[in-house]
Structures are given as C-alpha cells and as structure tokens.
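User: Please take one small part of this model and look at it closely. Start from a single residue, then work outward so that I can see how it fits with the rest.

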Amino acid sequence: MEVFGFLLETPAAIESSKKPVSSCTLYHDKGPEPWLRKTSTDAWLSTGVGEAIDGADGGPLDQGDIYSVVCYESGALEIFDVPNFNCVFTVDKFVSGRTHIVDTYMREALKDSETEINSSSEEGTGQGRKENIHSMKVVELAMQRWSGHHSRPFLFAILTDGTILCYQAYLFEGPENTSKSDDPVSTSRSLSVSNVSASRLRNLRFARIPLDAYTREETPHGAPCQRITIFKNISGHQGFFLSGSRPCWCMVFRERLRVHPQLCDGSIVAFTVLHNVNCNHGFIYVTSQGILKICQLPSGSTYDNYWPVQKIPLKATPHQITYFAEKNLYPLIVSVPVLKPLNQVLSLLIDQEVGHQIDNHNLSSVDLHRTYTVEEYEVRILEPDRAGGPWQTRATIPMQSSENALTVRVVTLFNTTTKENETLLAIGTAYVQGEDVAARGRVLLFSTGRNADNPQNLVTEVYSKELKGAISALASLQGHLLIASGPKIILHKWTGTELNGIAFYDAPPLYVVSLNIVKNFILLGDIHKSIYFLSWKEQGAQLNLLAKDFGSLDCFATEFLIDGSTLSLVVSDEQKNIQIFYYAPKMSESWKGQKLLSRAEFHVGAHVTKFLRLQMLATSSDRTGAAPGSDKTNRFALLFGTLDGSIGCIAPLDELTFRRLQSLQKKLVDSVPHVAGLNPRSFRQFHSNGKAHRPGPDSIVDCELLSHYEMLPLEEQLEIAHQTGTTRSQILSNLNDLALGTSFL
C-alpha cells in the first residue's frame with residue numbers, strides 16, 4: 001500500500017506582500033529552448049540549459065521552466081519563477097488593458113513623467129470613474145504557448161465586467177544603453193534595483209490583440225469562474241474554448257486567433273477534451289440544461305477564417321445562388337467554358353433565328369475551323385451533406401445554346417385551378433446573339449420532388465415560355481409571379497399549366513437588376529435609373545408607382561430594411577456607396593409623394609452585389625423590455641456580400657442608442673490612431689464621382705471604428721464616455737447588444 005502526501009505551502013514572496021490575490025495560473029514554458037529564457041539578459045545562467053536529463057522511459061526529459069502568473073485585486077500583475085518564486089515581471093495597472101505592457105522595472109526612467117500624467121488624469125476624472133477603476137479586477141487568468149514554428153506565448157485575462165484581455169508576448173531587443181540615462185536620479189535608481197532585476201525578463205513585452213465583442217459575458221458579482229479551457233489537439237486544431245452563456249471557440253492559426261461562436265446549444269457550463277478509440281481527438285461538454293454531449297469537429301470545414309468555411313468544388317463559374325428551405329436544396333447558376341469551332345458557333349446562331357442568315361463566304365476554311373471559347377450555362381441543384389462532407393449534385397438543368405441563365409428564385413404561386421399554393425423553382429434566361437438580333441428570353445418553372453415516371457429526376461419542368469427581352473429578375477407577389485422582361489414589369493397568375501398576365505408597369509427602366517417584395521410593396525432597381533417604389537392592388541389589378549429616386553444611380557443591388565413599423569429602401573451603386581431611402585408622401589420635400597427621400601448614405605469601399613434580409617436575434621435588453629410583436633422584436637438586418645469577397649451588415653438602431661454611438665464615433669476619430677493616418681470620416685462620405693449630389697443626413701455609424709473603443713486603455717474609455725455624456729458600461733452594453741443581435745453566422 002502506497003501513501004502519498006501533499007505539502008501545502010504559501011510562497012514567502014506572496015505571503016510577505018500581504019496583497020489579496022484575485023486570480024493566478026501556472027505556465028509551463030516547454031521545449032529544449034524555453035521561449036521566456038530568450039527575454040532574460042542572463043539566460044546562460046538559467047538552470048537546465050545544456051544538461052541532458054533522462055526521463056522514466058530512458059529518453060530525454062523535456063523539462064522547461066515553470067512560472068506562476070498572479071493578479072492582485074489592486075489590478076497589478078506579477079510573474080514569478082517556480083519554485084524559487086522570484087518576481088521576474090511586474091505590471092502595475094494590468095486591468096487597464098494597455099495596448100503594450102512592459103516590465104515596470106524597465107520603465108523606471110519614465111516613471112516620474114507617467115506618475116505626473118496619471119495623477120493629473122485621475123484628478124480630472126470624477127469620483128464615480130475612480131470607483132469603477134478600483135472595482136475592476138481579474139477573475140480568471142491563463143497563459144499558454146501552443147506548438148508551431150516561431151510560436152509565442154499568449155496571456156488571457158477575464159475581468160469582472162466580462163472584458164477579455166488577450167496579449168501575445170514578443171521579444172524586444174533594444175540597444176544595451178537604452179536603460180542608461182544621463183539623469184543622476186534615474187541612474188541612482190537603476191543602480192539600486194540592479195541586483196533585483198538581474199534575473200528579470202528584461203526584454204519581454206506583450207502586445208494586446210483584439211477579440212470579438214461576442215465573447216463578452218458579465219461575471220455575476222465578480223465571482224471567479226473557469227471559462228477558459230485550453231486544448232492542444234481537437235481534430236488537429238489548437239486553441240481554447242470559452243464556456244458560459246456565449247460559448248465560442250478561439251483557435252490559433254499562424255499565431256493568429258480566430259473566434260467562432262457556438263450558437264447551437266445555448267449556455268455551456270463545462271467542457272473538456274476527449275481522445276480515445278471511439279472519439280478520436282474529440283470533446284465533451286455539458287449544457288446548462290444538464291445535457292452531456294460527446295462530439296467531434298466537422299473535418300470538411302476550414303476554421304482559419306472569420307467564419308468556418310467549407311469549399312465546394314464546382315469546376316465551373318458560379319453566378320447566382322438561392323435557397324430552397326422546404327427541401328434543403330441550393331439551386332445554383334453556373335457556366336462552363338467550352339471550345340467550339342467558328343462554323344459551329346455560326347450554325348447555332350442561324351438555327352435559332354429563323355430567316356437571319358450570316359454571310360460567311362468571306363471566311364476561309366482556316367477561320368471556320370478556328371476554335372472559340374463559349375460559356376455554356378446550366379442550373380445545378382445541390383444538396384448539402386448532413387455529416388459535413390462534400391455536397392451532392394442532385395439535378396442539372398442545362399440551358400440552350402447561346403442562352404444565359406440570369407436569375408433563379410424559389411417562388412410560391414397560387415394555383416387558380418386547384419386553389420392551393422405551389423412552391424416552384426423559377427429561372428429567367430436571355431439569349432446572347434449579338435447586337436443585330438432582338439433580345440429574347442425564357443421563363444422556366446420547375447417542380448421539385450421524385451417523379452413517378454422517372455424516379456431519377458429530382459426536378460420536373462412544368463412551364464416554359466419565350467418572351468421579348470431578357471428575363472433579368474423574378475419574384476413572387478402574393479401568389480403571383482412578377483417578371484422583369486426587358487423594360488417592362490409584368491405580373492402573372494398561375495393556372496397550373498399557364499402564366500397569364502394580369503397587370504404590368506411600363507416605365508423608363510432600362511434593365512432591372514433586382515426585385516424585392518414586402519407584402520404588396522415592390523422595390524425595383526435599375527442599372528442606370530436608380531430605384532422605383534411600387535405597390536400592387538388586388539382590387540382593380542393595378543401596379544402603381546408610389547415614388548422613385550430622381551437621381552442618376554447605377555444600381556448593383558436593392559433590398560427592404562425593416563425596423564418595427566418603419567420601412568426603408570436600401571440600394572448599392574457603382575461608386576461603392578450604400579444609400580437608404582424612405583417614402584414620406586406628407587412631407588413637402590417629397591414633391592407630393594413622388595420623390596423618395598434620403599435617410600442615410602455611407603461609403604462601403606466595395607461593390608455590394610447582394611443583400612440578404614435576416615431577422616435580428618433577441619438580446620438581453622430586448623427580452624426584458626419588449627413585449628411580443630413590438631418594434632424591438634420585428635427588426636431585421638441586411639447581410640451583404642461584395643465583389644472583393646468581403647461580408648458586411650447593416651442593422652437598425654433605436655434613436656437613443658444611435659445618438660450615443662454617434663457621439664462616441666466623433667470622439668474616436670480624434671482619439672484612435674488610424675492606419676497610415678487615414679481619416680475614416682472622410683472615407684465614409686458619399687462618393688459621387690463628380691456628379692451633382694445633395695448630401696444626405698449622417699445617420700449611419702461605423703462599427704469598424706467603434707470596435708476600437710474596447711481596445712483603448714480603461715482610463716481613456718472612462719474619459720471618452722464622460723465626454724460624450726454617458727458611461728462606459730452603457731456603451732459596452734450597446735456594442736454588445738449589436739454584436740449579439742447580428743451574430744447570424
């Protein structure tokens with residue numbers, strides 16, 4: 001029988017200081033060459049260097065160094081070596097969250113000036129802000145260095161208000177005479193501490209790294225709780241998991257942190273790593289409802305991005321995609337380049353245009369057999385794999401020769417024969433045959449589901465008709481099909497076998513790029529003539545123009561923005577701007593309702609080609625202060641994609657929050673150092689490219705600029721909040737609600 005004994009001993013350095021400790025952790029600096037040793041000037045004196053120590057299995061033992069990281073309730077941080085417990089690194093105001101932190105002993109020469117600055121700033125701040133600083137403390141600490149080439153340690157700290165400080169260490173190699181000074185006072189001070197700092201980590205520095213605002217979770221009553229769980233290999237990934245009411249994964253790729261929220265199971269109270277035969281490099285977690293789950297990460301996703309990404313090989317060029325929610329299918333327009341001889345291309349044009357002959361007598365036999373690249377279009381029906389594997393192509397709808405598929409939509413039409421709604425796949429096409437041939441296009445309707453006659457076909461064509469003009473946009477309007485055919489907008493009813501026109505709008509639009517529907521309202525975007533706002537009246541079967549934008553605007557995409565009972569019209573243009581309009585017939589500026597008025601304008605800096613309207617997620621403030629069906633619950637945001645591959649979001653704000661964040665934004669323009677000295681206020685102004693433009697109201701705040709607020713030191717955050725007439729907690733609450741309400745992905 002073996003008996004093990006444990007000795008509990010308080011280090012003399014901790015016991016003698018009599019300072020209450022708020023949090024602490026151990027850090028094992030592993031490896032044959034521990035990283036932190038490089039930051040000490042007497043690294044050659046460190047024990048264990050060059051000594052071969054054998055482990056229990058006879059192999060070399062990877063001993064490394066062990067450090068204890070301690071945070072005090074005063075907000076200071078100290079790093080001790082173990083087991084001697086000599087202090088090797090000290091930071092006075094760690095909770096302030098400075099962008100860079102340095103050992104206090106290395107800043108002795110600057111201490112007098114800093115003391116004067118800090119004292120003057122504290123005298124200028126109010127008593128309430130002082131109390132906020134003193135009540136802030138660290139409730140959890142973690143320090144880790146993951147494997148990899150040129151890897152460096154990370155330091156994580158969670159504060160009482162939920163703020164997560166993330167620092168990465170780096171080696172600062174300054175000149176040897178940096179610490180020397182001609183000032184006799186500083187010289188004597190440096191001599192007095194020389195014996196103390198002989199083994200300190202002189203060249204150790206930490207740089208702060210921003211984390212997603214979604215990770216913020218306020219700790220109840222500042223009670224210590226373990227939220228950080230380090231993992232070194234979960235499906236080949238390394239990082240840490242953040243448990244709590246907003247759990248998320250923080251993965252390390254190329255010395256860069258990627259934050260991925262986990263929204264599927266709500267609050268998570270416990271998490272650990274699991275690796276055995278049945279669950280290879282997996283994990284276990286327990287939800288707040290007491291449900292235990294054993295899981296593995298999907299192997300087909302790439303996590304080294306802002307969101308987990310899964311690449312689907314198409315071997316074709318995608319043009320447009322839509323989602324069929326009932327069947328969990330993704331119809332997708334693609335084109336494939338095909339090499340064809342010139343005589344075959346000319347024969348196709350002759351066959352499709354009756355009576356239109358092409359004179360090819362002047363072409364030699366060499367020219368006729370010369371090959372040309374022609375894009376052939378098709379619509380693929382893709383189904384995602386539930387296990388996270390590659391997507392499967394369930395059906396393919398080929399287009400005719402020289403026919404381009406322009407739009408694909410899932411529409412719900414009312415069958416006037418059966419008196420039932422039918423969900424169909426609608427495709428709009430155009431024949432591209434040169435300038436000498438009149439534009440034509442087709443409308444195709446397909447039903448999805450297994451056919452009894454041919455079980456292999458997932459889609460069945462139920463209707464096809466050729467129309468004059470290109471079919472550039474489709475939409476379903478209260479059971480009818482709205483078709484943009486050339487310059488005309490035609491509304492059709494569905495009989496089950498035929499589409500019959502019941503109303504039309506013949507307007508100046510040249511080419512419709514988008515159609516959006518909300519109830520009986522229609523938003524139409526034209527390639528050169530800006531946007532039109534129409535309404536559909538069932539009684540009398542009329543499409544009426546309510547208002548339009550009289551300006552000259554090259555539209556790229558349009559969508560409705562819904563904020564409770566307020567309806568706005570959003571449009572992106574060729575100059576990389578976004579404008580928001582509204583319909584106000586009672587205002588004199590609207591010319592008796594004929595003109596759409598500008599609500600806001602903003603320069604994105606990229607061509608926005610698609611808006612997706614998504615309902616905003618409920619936040620804690622919405623749940624407590626909003627009744628069901630109120631304006632706060634009926635609020636939608638617009639997720640948009642751009643031609644340069646970026647993804648952005650436009651979200652509505654209530655008036656009070658907007659005024660608060662707008663005041664904060666004006667302060668941050670002057671308080672935050674900008675990249676290359678560029679001014680965000682100038683960059684976000686509307687770009688008109690020399691055209692006459694009346695500036696619209698400044699009613700959009702730039703969250704990219706507002707996100708820098710959390711990266712400021714705590715004292716600066718409090719000072720800026722005081723100057724804007726609010727509190728730091730109120731600003732962080734607004735930013736937190738905005739991040740939580742738009743966490744769609």
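Analyst:
**Starting at Thr229**

Set aside the neighbours within four places in sequence, and Thr229 is in contact with Gly239, Phe240, Phe241 and Phe271. Keep in mind that this is a predicted model. Thr229 itself belongs to strand β10, which covers residues 228-234. Is Thr229 buried or exposed? Its relative accessible area is 15%. The cut-off for buried is under 20%, so the residue passes. Thr229 is therefore buried.

**Following Phe271 outward**

Pick one of those contacts, Phe271. The structure holds 23 aromatic pairs. Phe271 and Phe283 make one of them, with ring centres 5.5 Å apart. How are the two rings arranged? Their planes meet at 25°, so this pair is stacked. Phe271 sits in strand β14 (residues 268-274), and Phe283 sits in strand β15 (residues 282-287). The two parts are twelve residues apart in sequence, so the pair ties them together. Both residues, Phe271 and Phe283, are buried.

For contrast, take Phe611 and Phe640. Their rings form an edge-to-face pair, 6.1 Å centre to centre and 70° between the planes. Phe611 is in strand β37 (residues 608-615), and Phe640 is in strand β38 (residues 636-642). Those parts are 29 residues apart in sequence, so this pair ties them together. Phe611 and Phe640 are both buried.

Now back to the starting area. Which residues do ring pairs link into a cluster there? They are Phe231, Phe241, Trp249, Phe271, Phe283 and Tyr285. Two of these names are already familiar: Phe241 and Phe271 are both in contact with Thr229.

Cysteines are next. A search of the whole structure finds zero disulfides. Cys279 is in none, and the nearest cysteine sulfur, in Cys295, is 7.8 Å away. Cys279 is buried, with a relative accessible area of 7%. Cys649 gives another case. Its sulfur is 8.7 Å from the closest cysteine sulfur, in Cys703, which is too far for a bond. Cys649 is partly exposed, at a relative accessible area of 34%.

**Other places to compare**

Aromatic rings can also have charges over them. The charged end of Lys19 sits over the ring of Tyr72, 4.2 Å from the ring centre. The charged end of Lys595 does so over Trp591, at 4.8 Å from the centre.

Nonpolar side chains tend to be buried together in soluble globular proteins. The largest nonpolar core here has 29 residues, and Leu77, Phe94, Leu155 and Phe206 have the most contacts inside it. Among the elements giving two or more residues to this core are β2 (65-72), β3 (77-82), β9 (204-208) and α11 (714-723). Try Phe206. Beyond four places in sequence, its contacts include Phe89, Met143, Leu155 and Tyr170.

Val334 is a second buried strand residue to inspect. It lies in β18 (residues 330-341), and its relative accessible area is 0%, so it is buried. Leaving aside residues within four places in sequence, its contacts include Leu314, His319, Glu376 and Arg380. Val334 and Pro398 are 64 residues apart in sequence, yet their C-alpha atoms are 9.9 Å apart.

**A helix and a loop**

Helix α8 (residues 655-671) has 17 residues and should span 24 Å. The C-alpha atoms at its ends are 24 Å apart, so the two values agree. Its buried residues include Phe658, Leu661, Leu664 and Leu668. What do the buried residues of α8 pack against? They pack against α9 (680-683), α10 (703-706), α11 and α12 (728-741).

Thr724 is in the loop between α11 and α12. Its relative accessible area is 18%, so Thr724 is buried. Not counting residues up to four places away in sequence, it touches Ser663, Leu664, Lys667 and Ile731. Thr724 and Leu661 are 63 residues apart in sequence and 9.1 Å apart, C-alpha to C-alpha.

**The wider view**

The protein has twelve helices and 39 strands. Of its 745 residues, 44% count as buried. Take contacts between residues at least 6 apart in sequence: 56% of them join residues at least 24 apart. Thr229 is one buried residue in that picture.

Conventions: Residues numbered from 1 in each chain as written. Predicted model: local features only at pLDDT ≥ 70, side-chain atom pairs only at ≥ 80, totals over all residues. Heavy atoms only, no water. Core = buried A, V, L, I, M, F, W, Y, C linked by side-chain atoms within 4.5 Å. Buried < 20%, exposed > 50% of the residue type's maximum accessible area, 1.4 Å probe, protein only. Helix = DSSP H or I, 4+ residues; strand = E, 2+ residues; numbered from the N terminus. Contact = heavy atoms within 4.5 Å. Phe/Tyr/Trp six-rings, centres within 6.5 Å; stacked < 30°, edge-to-face > 60°. Lys NZ or Arg CZ within 6 Å of the ring centre and 35° of its normal. Disulfide = S-S within 2.5 Å. Expected span 1.5 Å × (residues − 1).
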